[in-house]
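This report describes a few parts of one structure for a reader who has not met it before. The sequence and the structure come first, and the notes follow.

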Amino acid sequence: MSVHLNVRKVTTHVLHEMKLKKEKISMLTAYDYSMAKLIDQAGIDVILVGDSASNVMAGYDSTLPITLDAMIYHASSVVRAVKRALVVVDLPFGSYQGNSKSALESAIRIMKETGAHAIKMEGGSEILESVKRVLSAGIPVMGHLGLTPQSIHKFGTYVVRAKDEEEAKKLIEDAYLLEKTGCFAIVLEKIPSKLAAKVSEELLIPIIGIGAGAQVDGQVLVIHDMLGITQEFSPRFLRRYHNLSSEIRGAVENYISDVKSVSFPTDKESY
Ligand code: KIV
């Protein structure tokens with residue numbers, strides 16, 4: 001029987017077992033109770049309360065503005081819904097880069113006030129002290145390398161990262177560093193498939209890709225993108241499994257028309 005079907009509760013240990021048994025890990029974002037309940041019931045392995053909430057929930061054009069308080073609000077809503085999946089929460093921009101003490105304080109607030117199981121931080125050697133300090137408090141850490149959206153103003157663009165040799169070398173070094181420090185998994189975003197495959201092959205911890213090809217240990221997508229709720233964002237790596245935006249618009253148009261024509265509510269729908 002596969003690990004995935006056997007477990008009642010996904011833990012970081014289960015994810016390692018899945019990697020050992022070459023069983024792919026499924027991961028999606030969620031930011032609210034109702035959506036988290038649906039994707040947990042569907043059997044997702046990991047739910048990421050991503051700082052992409054800044055874009056898809058709050059309407060900002062980057063992940064930078066979202067606050068720690070807002071992440072705690074989203075994460076606690078998600079945790080209340082989830083019975084099986086491992087819940088990982090992004091430390092938002094500005095809550096951990098300053099120094100390792102503020103990183104630890106932010107991570108502790110997330111764990112204490114939301115009941116989540118792990119946190120995620122973007123970056124490699126630059127944030128190593130923060131990663132170490134959070135881990136020292138017994139908080140599991142997921143790394144995130146490649147395109148790290150919190151550094152968008154440094155990159156200047158959302159193009160594929162680590163295409164040149166120097167950046168690819170640094171990414172591999174950072175991945176080893178994060179593994180050695182004790183991260184339980186790493187997200188690799190928007191990098192060449194060959195490079196992601198090499199990292200996944202060489203490291204013992206699970207590597208979860210987004211725009212990193214198929215030769216990694218699992219995949220993650222933003223739920224609003226894969227359900228087709230967002231329309232303007234269409235990178236090559238995104239597979240849309242539904243066109244919910246047109247379904248929702250259609251349903252709302254029907255409702256408006258029924259209200260205007262007084263065909264809703266009927267006698268049966270009234271007291
Ligand atoms: O915030 C987010 O949704 C993420 C994923 C894209 C990995 O970090």
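Two strands pair if DSSP finds at least two bridges between them. The model discussed here is predicted.

## Strand S7 and its partners

Strand S7 covers residues 207-210. Two bridges join S7 to strand S8 (residues 218-221), and these strands run parallel. Within that pairing, Gly209 has Gln219 of S8 as its bridge partner.

S7 also pairs with strand S6 (residues 185-189), again in the parallel sense, over four bridges. Here Ile208 of S7 stands opposite Val187. Helix H10 (residues 193-202) joins S6 and S7 in a right-handed β-α-β unit.

## The two faces of S7

In a regular strand, side chains alternate between the two faces of the sheet. In S7, Ile207 and Gly209 point one way, while Ile208 and Ile210 point the other way. Residues on both sides of S7 are buried.

## Ser200 in helix H10

Ser200 is part of helix H10. Its relative accessible area is 7%, so Ser200 is buried, the cut-off being under 20%.

Apart from neighbours within four places in sequence, Ser200 is in contact with Ile207, Lys19, Gln215, Val216 and Asp217. Among these, Ile207 belongs to S7.

## Lys21 in a loop

Lys21 lies in the loop between helix H2 (12-20) and strand S1 (25-29). With a relative accessible area of 54%, Lys21 is exposed, because exposed means over 50%.

His4 is 17 residues from Lys21 along the chain, and their C-alpha atoms are separated by 10 Å.

Conventions
Residues numbered from 1 in each chain as written. Predicted model: local features only at pLDDT ≥ 70, side-chain atom pairs only at ≥ 80, totals over all residues. Heavy atoms only, no water. Buried < 20%, exposed > 50% of the residue type's maximum accessible area, 1.4 Å probe, protein only. Right-handed = clockwise from strand over helix to strand, strands pointing away. Contact = heavy atoms within 4.5 Å.
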